[in-house]
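Colleague: I am new to this model, so please take me through it by question and answer.

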2 protein chains.
Amino acid sequence: MKFKLIKTDTNTNARLGEIETDHGKIQTPIFMPVGTIGSVKGISQPEIENDIKAQIILGNTYHLYLRPSTEILQQAGGLHKFMNWNKPILTDSGGFQVFSLSSNRKLKAEGAEFRSHIDGSKHLFTPEKVVDIQRIIGSDIMMGLDECPPGDCDYKYAKNSLKLTTDWLKRGVKHFRNTEPLYGHSQTFFPIVQGASFPELRRQAAMQVAELECEGNAIGGLSVGEPTEVMYEMTEVVNEILPTDKPRYLMGVGTPINILEGISRGVDMFDCVMPTRNGRNGMLFTSEGIINIKNKKWENDFSPIDPNGTSFVDTFYSKAYLRHLFVAKELLAMQIASIHNLAFYLELVKMAREHIEDGTFATWKNQMVNKLSSRL
Amino acid sequence: MKFKLIKTDTNTNARLGEIETDHGKIQTPIFMPVGTIGSVKGISQPEIENDIKAQIILGNTYHLYLRPSTEILQQAGGLHKFMNWNKPILTDSGGFQVFSLSSNRKLKAEGAEFRSHIDGSKHLFTPEKVVDIQRIIGSDIMMGLDECPPGDCDYKYAKNSLKLTTDWLKRGVKHFRNTEPLYGHSQTFFPIVQGASFPELRRQAAMQVAELECEGNAIGGLSVGEPTEVMYEMTEVVNEILPTDKPRYLMGVGTPINILEGISRGVDMFDCVMPTRNGRNGMLFTSEGIINIKNKKWENDFSPIDPNGTSFVDTFYSKAYLRHLFVAKELLAMQIASIHNLAFYLELVKMAREHIEDGTFATWKNQMVNKLSSRL
């Protein structure tokens, strides 16, 4: 993987960059649609590429490990071939899902023991094992195993947790460097900055992560219940330390506003289930504000879903029709809303890139933040 | 509406024809995907047109009347505009759903009283009212209100039911002829031949229907629990009487084999929820036989879903990937299977037309029937 820092904004810390992988280039700042179990929910691969204009998608190691399983993925020749997606893929390490989904999890120095949320079967994720799994998945960017502590944990918990994470990350990097890709394309490894809501721990974590000298770095453990301002503060603290010549990925974030604020603080990559999950529930993000399309007020509004939208659904379907589909619980409702929201997220980061390029990012961002928070 | 009978097969009663509506031409024999509540479940309109190659779709008057309601449909300028579908639409009369879905239904000479399956509200469908509703929907082809008796009803029930249906159809035609389309495109009205499984009643019904001198005729009350051979026999009996210069629509039928047997007996139009409903459940119809894609045997079969398939999903996705999506309960599974099945149905009737045209329908049909019944 190569990263080229093209420009840094003079008024903010926003950055324009380009990541090059064996599966193609990624313009940063970028948003990555979440393809949890090998599918971006409700959206076909041609739609992800052509309508949403995604440049990279995310897969969840925990989910893919359980289903379809590493055996099937290896036989398929990796996730790219299995799901027929030829652009870059990033996979998380599974740590977050172990803590949020599985039951009976047990942390040891060795790794995280857990029971599958599907059938209760017992599994162990070690830093080495999740590298091996991600070798089999064949993701272009893999993540190191970490512990993601609760957003409201105390200092002592956070400090011990960070110690474990740091140890795991070192073991992960080492194993990554001692192993080879399986399918002929190169893979890279991002360590993750943890440290909960404590600036001191975050700084320490960022320095330890920087010392691992990986090709890119991630910021984890945010957007997990802490106040938004704390998330922004932690991002700032960490980005003061993380090297500027490597991409920075803020994991699991967030709302359109969170993304603009993250970009403004020097983040290059984002992912979140919000556009698809909230979309399936009838919430549409648009350049004019948020729409709850289930509301009765849209019942006879035959105007396009989003006249400024870039995907075909935005002008092909009306608000009244989409509302009807939600009320009637039609599958197409979830598909349309998911395509719309993801296309909006990708358009938002595209506009951010354009405004960084022409030096108008700060003004534009402030205007957008005002609009994005209104409810239509 | 105009119907042109292009050719009748010499070895069977199969017919090649063309229906012309204000929303375009329909090559017959044709299969009509079911868009129950203004959406073919799980499939976008561009996919219906371009991937499935549907020439006409069906809407359910009962469902559309309840949701989004005639008020909304009228404000939208009809169903074509509401759902942005510019090809022909056929609507049923709602009779079938009144009997199969609603509770507390009560038949009177005036019409069918029923309670909504959604909110229990009380409604009355009269032959005149369902014409008015279909005027508001704006379907190119509307159906007359009928009673659809159970497949195993006795002679007395069937006879009385037919008397009611005949009366309703006369009133429906009369009201249709006394009313005008609302949106500038012409509409036509098909009466329905009932008579349960009694050849004598079916003949009588066919003669009564023929006397109404509508532009097309339908055969209803089949595929409702009676043996397949009885369905074929009733179709034959009815088609001996229905005029040859008008299209014949066998309602709610059926499996790929049912459709080929129906074509062979002189039927021109079909609709059925089977390709979408069974698709959503993992059953794929292919030219080589039926696939239950959930079976473990497909777990590591990385060959295309259907190498002979005509839609992009058939060669874009593998059996193993589609099986994985079903096992993981991903939305995309239902979308892929629905597109595949409908594209297969449309390709099947296209092949039938080609074989009628070149005089090889009978041989081809017999070969296909053998293949289609096998389980892969």
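## Spaces inside and at the surface

Colleague: Which helix gives the most to the lining of the second largest cavity, and with how many residues?

Modeller: A cavity is a set of points on a 1 Å grid over the protein atoms alone where a 1.4 Å probe fits but cannot get out, and lining residues have an atom within 4 Å of a point. In this predicted model, the second largest cavity is lined by Glu47(A), Phe312(A), Val313(A), Tyr317(A), Leu332(A), Gln335(A), Ile336(A), Ile339(A), Ser44(B) and Glu47(B). The elements giving two or more residues to that lining are helix 11 (312-316) and helix 13 (331-357) of chain A, helices being DSSP runs of H or I of at least four residues and strands runs of E of at least two, numbered from the N terminus. The one that gives the most is helix 13 of chain A, with four residues.

Colleague: What conventions should I keep in mind while reading?

Modeller: Residues are numbered from 1 along each chain as its sequence is written, while chains are lettered from A and ligands numbered from 1 in the order in which they are written. In this predicted model, local features need pLDDT of at least 70, side-chain atom pairs count only at pLDDT 80 or more, and totals for chains, interfaces and linings use all residues, with side-chain values taken from heavy atoms and hydrogens and water left out.

Colleague: How many cavities of 30 Å³ or more does the structure hold, and what is the volume of the largest?

Modeller: Rolling a probe the size of a water molecule over the atoms shows where empty space is left. A volume here is the space filled by probe spheres set on the grid points, which are joined across faces, edges and corners. The structure holds four cavities of 30 Å³ or more; the second largest has a volume of about 40 Å³, and the largest a volume of about 50 Å³.

Colleague: Which element gives the most to the lining of the largest cavity?

Modeller: The residues lining the largest cavity include Leu162(A), Thr166(A), Leu169(A), Lys170(A), Ile192(A) and Val209(A). Two or more residues of this lining come from each of helix 6 (155-177), strand 12 (192-193) and helix 7 (199-211) of chain A. By class the lining has seven nonpolar, three polar and one charged residues, where Ala, Val, Leu, Ile, Met, Phe, Trp, Tyr, Cys and Pro count as nonpolar, Asp, Glu, Lys and Arg as charged, and the others, Gly among them, as polar. With four residues, the element that gives the most is helix 6 of chain A.

Colleague: Which residues lie closest to the centre of the largest pocket, and which elements give two or more residues to its lining?

Modeller: A pocket is an open set of points with protein on both sides within 12 Å along at least five of seven lines, and the largest has a volume of about 860 Å³. Its lining holds 41 residues, of which Phe96(B), Gln97(B), Gly252(B), Asp271(B) and Val273(B) are the closest to the centre. The elements giving two or more residues are helix 4 (95-100), helix 8 (228-239) and helix 10 (274-280) of chain B.

Colleague: Where does the largest share of the lining of the second largest pocket come from?

Modeller: The second largest pocket, with a volume of about 730 Å³, is lined by 34 residues, and Phe96(A), Gln97(A), Gly252(A), Asp271(A) and Val273(A) lie nearest its centre. Its lining has 13 nonpolar, 15 polar and six charged residues. The largest share, five residues, comes from helix 10 of chain A.

Colleague: Why is Cys272(B) not bonded to the closest cysteine sulfur?

Modeller: A disulfide is a pair of cysteine sulfur atoms within 2.5 Å, and over all chains the structure holds zero of them. Cys148(B) is in no disulfide, with the nearest cysteine sulfur, that of Cys153(B), 9.2 Å away. Cys272(B) is buried at a relative accessible area of 8%, buried meaning under 20%, exposed over 50% and partly exposed in between (1.4 Å probe, protein chains only). Cys272(B) is unbonded to Cys148(B), the holder of the closest cysteine sulfur, because the two sulfurs are too far apart, at 13 Å.

Colleague: Which residues does Gly195(B) touch, leaving out those up to four places away in sequence?

Modeller: Gly195(B) is found in the loop between strand 12 (192-193) and helix 7 (199-211) of chain B, and is buried, with a relative accessible area of 2%. Counting heavy atoms within 4.5 Å as contact, Gly195(B) touches Leu162(B), Leu201(B) and Arg202(B).

Colleague: How far apart are the end C-alpha atoms of helix 8 of chain A?

Modeller: Among the buried residues of this helix are Val230(A), Met231(A) and Tyr232(A), and its buried residues pack against elements of chain A including strand 12, helix 7 and helix 9 (256-264). The expected span of a helix is 1.5 Å times one less than its number of residues. For the 12 residues of helix 8 (residues 228-239) of chain A that gives 16 Å, which agrees with the distance between the end C-alpha atoms, 17 Å.
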